[in-house]
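Colleague: Could you walk me through the aromatic side chains in this one?
Modeller: Gladly, let us look at the model together.

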Amino acid sequence: MSKNNDELFKNVIGHAKEYGFVFQSSEIYDGLSAVYDYGQLGAELKNNIKTYWWKSMVQMHENIVGIDSAIFMHPKIWKASGHVDGFADPMIDNKDSKKRYRADNLIEDKIARYEKDGKTDKALKLQADLDAALTADDLPALKSLIEAHEIACPVSGTRNWTDVRQFNLMFSTQMGAMAEDSDEVYLRPETAQGIFVNFLNVQKSGRMKIPFGIAQIGKAFRNEVIARQFIMRMREFEQMEMQFFVRPGTEMEWYAYWKQARLKWHLALGTPEEKYRYHDHAKLAHYANAAVDIEFDFPFGFKEVEGIHSRTDFDLSQHQKFSGKKMQYFDNDLNEDGKPFGNYIPYVIETSIGLDRMFLLTMCNAYEEQDLSTEDRKDSRTVLKLHPTLAPVKACVMPLTKKDGLPEKAREIMDQLKLDFNMQYDEKDSIGKRYRRQDAIGTPFCITIDHQTLEDNTVTIRHRDSMEQERVEASELDNIIGKLVSWKNLLK
Ligand code: GAP
């Protein structure tokens with residue numbers, strides 16, 4: 001990360017805390033690593049991102065329905081899905097500092113250092129060796145790379161390493177009131193399995209016909225070895241996932257459809273196209289026959305926000321095998337020979353986006369420090385240029401002064417709007433300072449009540465981005481704000 005980007009990212013994190021978007025969890029107890037709380041504005045912004053996703057995926061698709069499955073599930077599910085045996089990261093401990101690291105992250109950091117020092121050939125060679133070791137799941141090879149490139153512990157500075165071991169990322173706990181009848185259960189590491197095991201429940205109760213999708217938003221938990229980049233990699237986070245069940249043989253068409261549709265969802269927010277890119281997976285998970293990441297240009301570089309995976313019939317087949325229950329669908333559409341397609345286990349295209357990563361993306365993309373100085377006056381502002389539909393506060397009502405009946409009139413307008421829009425009321429400090437406070441939290445509109453309002457029932461609306469003002473009828477505010485923050489501006 002360059003110094004500028006490093007500083008920018010620090011400022012975004014500081015801003016998120018200062019204005020009540022994100023707090024470190026358990027802060028007064030010195031925090032809990034890689035766990036975060038969303039504050040009063042963060043909760044609103046997060047809810048708006050969820051609504052945007054839900055409306056786009058569920059409400060706008062007649063063949064996609066949403067569910068809310070439990071976090072605890074039968075432990076066999078994680079055996080069937082492969083998570084018990086295979087959901088692990090390669091980890092290594094430094095014997096002097098007792099610190100634990102992901103072996104691949106240590107090597108990646110070394111590659112970055114080679115690049116920074118202009119040692120491009122060394123960087124490329126090490127990257128190729130790392131990819132080969134990861135592809136082959138070759139733990140001794142990872143250790144050899146750490147030794148050969150003299151990678152030292154960032155804390156102790158020594159190279160006194162343990163062997164590289166696989167570390168399962170699932171959290172487990174005990175279910176049952178008595179220790180003796182307790183059973184080990186896991187906190188789900190992805191929401192997707194709650195969808196797979198309910199596939200037939202939803203298909204039958206909802207009379208769904210293939211192709212159809214099941215969506216859900218919910219918490220997932222991973223005991224990440226290394227916490228990185230604020231809310232980018234957390235131990236407790238939220239996913240928005242959708243499994244789209246299709247006829248075998250049609251999966252590549254649907255994969256192409258969802259790859260394009262998901263990027264469109266991101267771009268509708270007005271984010272510049274060059275800030276996004278696709279990253280096709282060269283190394284596929286054992287269950288996938290195609291996979292792509294949608295990456296965003298964060299201040300610390302392009303990183304994954306969302307994955308689109310063609311998961312074949314792996315998960316449903318595994319659940320059929322482990323539960324002993326049929327996971328088949330009867331397709332009575334006719335094939336080329338005029339006969340029903342009949343029974344089969346559907347193939348699945350998955351779209352999976354991390355809500356917290358989308359939140360971070362939204363904050364990084366919206367954050368701007370602007371120099372507004374003129375020849376006569378120094379001035380600046382920090383503004384969150386959030387899409388108005390996602391903004392946590394839609395408008396702030398401000399009486400120009402605290403007297404002459406202006407606060408009473410402003411309260412009247414507040415009451416007129418607050419049922420439909422999340423609003424704030426502010427009568428403290430100069431109007432300029434109040435505008436700046438709203439700019440900093442991304443409020444798209446400020447409504448000012450002045451003496452003219454008492455005469456003709458008109459108010460001014462000040463627009464966050466252009467800082468321009470217009471005079472409008474107070475009775476028209478519901479319509480005007482309603483249009484400016486409508487979901488129709490994002491979803492057509
Ligand atoms: N069901 C597929 C699945 O879980 P994944 O690539 O492991 O795939 C999907 O995760 C998305 O979840 C990622 O693209 C990322 O946005 C988010 N995600 C994964 N691990 C995360 C973590 N530790 N903290 C925050 N978000 C995470």
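Modeller: A good place to begin is Trp 53, which is buried because its relative accessibility is 0%, below the 20% cut-off; keep in mind that this is a predicted model.

Colleague: And Trp 54, buried or exposed, or something in between?
Modeller: Trp 54 has a relative accessible area of 29%, so it counts as partly exposed, a class that lies between the 20% and 50% cut-offs.

Colleague: How many aromatic pairs are there overall?
Modeller: The count comes to 20 aromatic pairs, and one of them is formed by Trp 53 and Trp 54, whose rings are tilted at 55 degrees between the planes and lie 6.5 Å apart, centre to centre.

Colleague: What about Phe 212 and Phe 245, how are their rings arranged?
Modeller: Phe 212 and Phe 245 also make a tilted pair, with 5.4 Å from centre to centre and 35 degrees between the planes.

Colleague: Where in the chain do those two sit?
Modeller: Phe 212 belongs to strand E9 (residues 212-221) and Phe 245 to strand E10 (residues 236-246), so the pair links distant parts of the chain, 33 residues apart. Phe 212 is buried at 0% relative accessibility, and Phe 245 is buried with a relative accessible area of 0%.

Colleague: Which residues form an aromatic cluster?
Modeller: One cluster is made up of Phe 9, Tyr 276, Phe 296, Phe 298 and Phe 300.

Colleague: Switching topic, which arginines lie over rings?
Modeller: Arg 247 lies over the face of Phe 341, at 3.7 Å from the ring centre, while the charged end of Arg 262 sits over the ring of Trp 265, at 4.3 Å from its centre.

Notes: Residues are numbered from 1 along each chain as its sequence is written. This is a predicted model: local features need pLDDT of at least 70, side-chain atom pairs count only at pLDDT 80 or more; totals for chains, interfaces and linings use all residues. Side-chain values use heavy atoms; hydrogens and water are left out. Rings of Phe, Tyr and Trp (its six-membered ring) pair if their centres lie within 6.5 Å; planes under 30 degrees apart count as stacked, over 60 as edge-to-face and the rest as tilted. Buried means under 20% relative accessible area, exposed over 50%, partly exposed in between (1.4 Å probe, protein chains only). Helices (H or I, at least four residues) and strands (E, at least two) are DSSP runs, numbered from the N terminus. A charge sits over a ring if NZ of Lys or CZ of Arg is within 6 Å of the ring centre and within 35 degrees of the ring normal.
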